[in-house]
Structure formats: structure tokens, C-alpha cells
Amino acid sequence: MELYSSFKSHPKPDLSFTTSLSPFPFQSHLKFPKTPSNFFTVSSVAAAADPKDLPQNSPQRLLKELAERKKVVSPKRKPPPKRFILKPPLDDAKLAERFLNSPQLSLKSFPLLSSCLPSTRLNNADKTWMDEYLLEAKQALGYPLEPSDNYGDDNPAKQFDTLLYMAFQHPHCERTNARHVRSAHSRLSFLGEFVLEMALCEFFLQRYPRESPGPMRERVYALIGKRYLPKWIKAASLQNLIFQFDDMDKLQRKDREPPVKSVFWALFGAIYLCFGMPEVYRVLFEVFGMDLEAEDCQPKLRRQLEDVDYVSVEFDTRKLGWQDVAAYKPPEDALFAQPRLFRACVPPGMHRFRGNIWDYDSRPQVMKTLGYPLPMVDRIPEITEARNIELGLGLQLAFMHPSMYKFEHPRFCFERLEYVGQKIQDLVMAERLLMKHLDAPGRWLQEKHRRILMNKFCGKYLRENYLHRFIIYSEEVQDSYEHNRRLRNPATTSVQQAIHGLSYAVYGKPDVRRLMFEVFDFEQIQPKTVTR
């Protein structure tokens with residue numbers, strides 16, 4: 001009996017490739033190292049053989065197909081759009097000539113207005129649109145039909161025709177392909193959004209002196225939310241200037257609302273630059289016919305805390321209308337830059353806190369950090385003293401967390417000052433970015449604005465100045481916030497915005513700029529002290 005063993009020697013198989021191979025080739029599990037000579041032999045033989053005459057699993061056929069696959073060239077890709085192709089930068093002479101000839105540097109007296117003008121002079125296509133449609137737009141808005149060029153150089157309204165034309169060139173119209181038109185419209189729209197928010201914030205704070213900011217924000221959305229804007233555009237008969245070839249009522253929401261919103265914001269940006277905030281109120285309530293007492297403009301019903309505290313006399317007798325806010329001018333010897341707004345945010349009962357521990361201990365440190373009080377030249381010394389007292393009470397209110405007295409006295413917290421402070425810092429930063437980046441489109445400015453004024457950064461700037469130590473909490477909240485920064489940090493953001501609101505009411509917009517860019521350093525461009 002013959003025994004088979006794994007150690008039995010087997011004959012070495014012949015693995016040389018020839019053209020006459022059997023349909024079932026011998027497969028061996030033994031591995032032999034490949035030599036370069038064998039590789040060239042296989043390649044040459046495979047190249048000589050015709051793959052159609054070879055069996056399906058033939059090595060020559062597989063090698064031939066692999067070689068043919070490598071020869072296949074990938075299909076040509078489309079070239080990138082021209083706007084993404086990087087161009088060589090202009091030399092210094094051409095760049096200087098371009099900026100010096102730009103209308104954006106033509107008005108030294110009005111830097112903000114000048115920064116919103118188009119980057120190049122208007123061409124024939126622009127003037128054709130103005131000749132055809134501008135009179136209709138001015139008539140609908142209630143402006144004289146004469147060209148604005150008739151005004152003097154010291155009048156910002158001289159540029160109204162140009163800005164009004166740019167306001168109607170939304171991103172979906174035919175003129176948006178021109179770079180100077182597209183950029184100018186987006187910059188106007190970027191500014192107009194914050195102008196509208198600021199105008200309605202001031203108006204509602206004075207019209208509803210006992211209301212918290214929550215219902216006021218709902219009122220603002222019901223007036224200028226993007227889903228409601230087509231109604232106002234149609235009420236002013238401006239829809240044909242926005243949709244020249246379409247019926248606005250037959251368009252879908254996604255096709256109707258973005259152009260209307262862009263034009264609406266840009267329109268108020270142009271009006272604000274040329275005529276100021278009073279004209280913004282006139283166009284809102286007279287031209288567009290916004291009704292504050294309409295049923296769809298009312299806030300949601302909610303549980304209201306009982307307000308037993310007094311309000312200023314000018315708010316107690318009647319509700320203020322838009323004419324009262326638009327035509328109001330502070331008296332010459334007024335304590336504040338915005339007296340009525342200060343009275344609307346700081347209740348008269350704050351005087352009961354004068355002389356408490358915070359007033360003696362924390363207020364001097366806060367005022368020293370913020371650079372208060374500012375040097376003011378008043379005709380009567382008592383006015384300066386009274387202003388400084390009210391400023392101290394306003395600062396105490398700005399640092400008063402709602403957990404302290406809100407449930408018994410709803411207005412004794414920083415909420416109303418925070419509301420106006422948030423809007424004024426948005427507007428001030430928008431103006432700063434427009435004047436600083438003359439060639440930037442509105443979308444870029446919007447993203448830059450959002451990243452600078454994120455809530456977490458606003459609170460961080462307050463904490464970097466060590467002002468968060470002076471926030472007044474209730475005992476329960478103080479214990480829960482002490483070791484939980486996720487709860488504590490939103491409060492620092494609110495206090496920082498409330499300080500800006502108080503600054504605007506007491507000293508005006510210039511002091512808000514000082515706080516934002518010198519004290520808190522929002523742009524983070526000042527050198528930091530190195531501590532070892």
C-alpha cells in the first residue's frame with residue numbers, strides 16, 4: 001500500500017507563457033519571485049497578441065485591456081466662471097487712479113454717504129433706467145420730481161437720485177450684472193436693515209413705556225418681517241419697479257420675498273443717508289401706511305407682570321405717535337442727547353437706589369473703567385451735576401439682573417436698555433464697516449458684522465474689563481451662576497449691550513463709538529498688555 005505524504009516531491013510546473021495555452025490553465029499555489037526579464041517578456045507577448053482571439057481568463061487579454069484602460073483620457077472639465085479666476089493685482093498708479101476717480105471719495109463732508117455711492121460713475125444704461133422709472137418712484141414716495149442735482153454740495157440730498165436708483169437694482173434684476181450696481185445695492189441693503197430696526201426700537205420704547213422688549217420684538221416682526229413686506233410695497237404702488245416683467249401676486253414666495261426685502265432695506269438705507277431718521281418714520285407710516293393698531297400687528301397674549309411703578313409724565317397721559325417721535329428735538333439745556341429715550345428706559349423710581357452700597361462701592365470703579373463722566377460744557381453747573389447723578393442711576397440699572405426685582409417691579413432691570421443697546425451697536429458697527437471697507441460687497445460686510453457682534457464676544461469684551469463682577473444678582477441666581485459660566489455669560493452680554501443703550505441715551509452715538517472701539521475694542525486691533 002502506497003502512502004502519500006506532504007513531503008513527497010512534486011515535479012516543478014512549467015509556468016512559461018506561450019501562445020498555445022489550454023482553456024484550463026494550470027494554477028499553482030507556489031509563489032516564485034518575478035524577475036524583470038519575465039516582466040518584459042510578458043508585456044511584449046501580451047502586446048503582440050490580439051485580445052479577441054484569446055480566452056476569457058487569459059493573462060495576455062487582461063494585460064492588454066489594462067493597457068487600453070490607461071490610455072483613456074478623462075473628459076475635459078468646464079473652465080471655472082470668470083468671477084472666480086484670479087486676476088493680477090493693479091499696480092499702485094492704476095489703483096490710486098481708480099480710487100481717486102471713484103464717487104466714493106468725492107464727499108468729504110459725508111463719509112458714510114460717500115461710502116455707499118457706486119464705485120464708478122453711472123453709464124448710459126444706468127441713466128436710461130433713471131430717465132424711465134425714477135420719476136415714478138419719487139412720486140410714489142412723495143418726493144419732488146426735480147432732479148436732486150439742483151441741491152447744493154453741502155446738502156446730502158444731492159445724491160438721492162443716485163441712491164434711489166441703486167435701491168431698486170435688486171440681485172434678480174437685469175442691471176445686477178454690472179459690478180458697481182450690484183455692490184452699491186447690497187451695501188445700501190446692509191445698512192437699511194439696521195436703520196429700520198433702530199427706528200422701530202426707539203419708537204416702540206417711547207410708545208409703550210411699560211412693555212417688555214419681548215412683545216416689542218413681535219410688533220417689529222409683524223411690520224417689517226419679510227413675509228409682510230410685499231403688502232407694504234403694493235400699498236405704495238412700487239411693485240412694478242421691482243418686478244417690471246412679472247405680476248408680483250402670481251409669483252411664488254421664494255421668488256417674490258427676496259427681491260422685495262432687498263429693495264425695501266436698500267430704500268430705507270438711501271432715505272436715512274440723505275434725509276435722516278425723521279424721514280424714515282414718514283415713509284414707513286405715511287407712504288407705506290403701516291398701522292400699529294391692526295390686529296395682525298399685535299403681540300401674542302402672555303401673562304403680564306403687574307407694573308405698579310410710575311412712568312415719566314410725557315408718557316403717562318397718552319400714547320406717542322410717529323409724528324411726535326419724528327418731530328421731537330431736545331431742548332437746548334437738556335440733560336441728555338436723547339432725553340425722551342432715557343426717560344422711557346430708566347424709570348423715575350430708580351432714585352430710591354441712590355446712595356446704596358452699589359452706588360458707593362461699585363459705581364466709581366465702573367465709571368472709571370468706562371471713562372465716565374465725559375467732560376461737558378454746560379451753561380449751568382447744576383445741569384452737569386444732575387446729568388452725572390442720572391448717569392450713575394442708569395449704570396446701576398444697566399447692571400441690574402432681572403432676577404433681582406423684575407417680578408415685583410418689571411422695569412427695574414436692564415432689559416429695555418439692552419434692547420436699544422443691541423440695535424445701536426448694530427447700526428454703529430454697520431456704519432463703521434461701510435466706511436472702512438469701500439470695495440466690499442454687502443454680503444461680505446454682513447458676515448463680518450455677524451462675526452464681530454456675536455453674543456459670546458460681546459460678553460467676553462465686558463469680562464476682559466473685569467466689569468462682570470459688578471452685576472447685581474439675586475441670592476439664588478448668584479449661587480447658581482457662581483460656578484456655571486454657561487448660565488453667567490449671557491448675562492454679561494446683556495449688561496454690555498445695556499451699557500451701549502445708556503451711552504446712546506445720555507451722550508449720543510459718538511460715545512457708543514468710543515465705547516465700542518476704544519474701551520471694549522470690538523475689532524480687537526489695540527495692543528494687549530502682556531502679563532507674566
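Student: Let's start on the outside. What share of the accessible surface of the protein belongs to carbon and sulfur atoms?

Tutor: Keep in mind that we're looking at a predicted model. Its accessible surface comes to about 31,400 Å². Of that surface, the share belonging to carbon and sulfur atoms is 54%.

Student: And inside, what percentage of the residues count as buried?

Tutor: To count as buried, a residue needs a relative accessible area under 20%. The protein has 532 residues, and the portion that passes is 47%.

Student: How many helices and how many strands does the protein have?

Tutor: Try following the backbone in the picture from one end to the other. You'll meet zero strands on the way, and the helices come to 25.

Student: Which helix gives the most to the largest nonpolar core?

Tutor: That core has 139 residues, and Phe-168, Phe-264, Phe-288, Leu-370 and Phe-399 touch the most other members. The top contributor gives 15 residues to the core and spans residues 179-207: helix H7.

Student: Let's zoom in on Phe-399. Which residues does Phe-399 touch, leaving out those up to four places away in sequence?

Tutor: Phe-399 is one of the core residues that touch the most other members. Once you skip residues up to four places away, its partners are Trp-358, Val-366, Leu-467, Phe-470, Ile-471, Ile-472, Val-495 and Ile-499.

Student: Helix H6 caught my eye. Why is helix H6 largely enclosed by the rest of the structure, and which helices do its buried residues pack against?

Tutor: Helix H6 covers residues 160-167, and it is largely enclosed because eight of its eight residues are buried. They are Phe-160, Asp-161, Thr-162, Leu-163, Leu-164, Tyr-165, Met-166 and Ala-167. These buried residues pack against helices H4, H5, H7 and H11.

Student: At what angle do the axes of helix H8 and helix H20 cross?

Tutor: A pair of packed helices is described by the angle between their axes and the distance between the axes. Helix H8 takes in residues 213-224 and helix H20 residues 415-436, and their axes come within 10 Å. The crossing angle is roughly 35 degrees.

Student: What classes of residue make the contact of H8 with H20?

Tutor: On the H8 side you'll find Pro-213, Met-216, Arg-217 and Val-220. H20 brings Glu-415, Arg-416, Tyr-419, Gln-422 and Lys-423. By class, that contact has four nonpolar, one polar and four charged residues.

Student: Now for charges. How many salt bridges does the structure hold, and which parts does the pair of Lys-234 and Asp-249 tie together?

Tutor: Side chains of opposite charge can pair when their charged atoms come close. The structure holds 29 salt bridges, and in one of them Lys-234 meets Asp-249 at 2.5 Å, N to O. These two residues are 15 apart in sequence, so the pair ties together helix H9 and the loop between H10 and helix H11.

Student: Are Glu-279 and Arg-282 buried or exposed?

Tutor: Glu-279 forms a salt bridge with Arg-282, with the closest N and O atoms 2.6 Å apart. Both lie in helix H12, three residues apart, about one turn of the helix. The cut-off for buried is under 20% relative accessible area. Glu-279 has 15% relative accessibility and Arg-282 has 15% as well, so each counts as buried.

Student: Which residues are linked with Glu-279 in a network of salt bridges?

Tutor: You've already met one partner of Glu-279 in helix H12. The network joins Glu-279 to Arg-282 and Glu-286.

Student: Any backbone oddities? Which residues does a cis peptide bond join?

Tutor: Most peptide bonds are trans. The cis bond here has an omega of about -10 degrees. One of its residues, Pro-373, is found in the loop between helix H17 and helix H18. The joined pair is Tyr-372 and Pro-373.

Student: Where is Ser-237 found, and what is its phi?

Tutor: Most residues other than glycine have a negative phi. Ser-237 is not a glycine, yet its phi is positive. You'll find Ser-237 in the loop between helix H9 and helix H10, and its phi is about 60 degrees.

Methods:
Residues numbered from 1 in each chain as written. Predicted model: local features only at pLDDT ≥ 70, side-chain atom pairs only at ≥ 80, totals over all residues. Heavy atoms only, no water. Core = buried A, V, L, I, M, F, W, Y, C linked by side-chain atoms within 4.5 Å. Buried < 20%, exposed > 50% of the residue type's maximum accessible area, 1.4 Å probe, protein only. Helix = DSSP H or I, 4+ residues; strand = E, 2+ residues; numbered from the N terminus. Contact = heavy atoms within 4.5 Å. Axes fitted to C-alpha atoms, helices over the stretch in contact; angles between N-to-C directions. Nonpolar A, V, L, I, M, F, W, Y, C, P; charged D, E, K, R; others polar. Areas by Shrake-Rupley, 256 points an atom, 1.4 Å probe, with all protein chains shown as cover. Salt bridge = Lys/Arg side-chain N within 4 Å of Asp/Glu carboxyl O.
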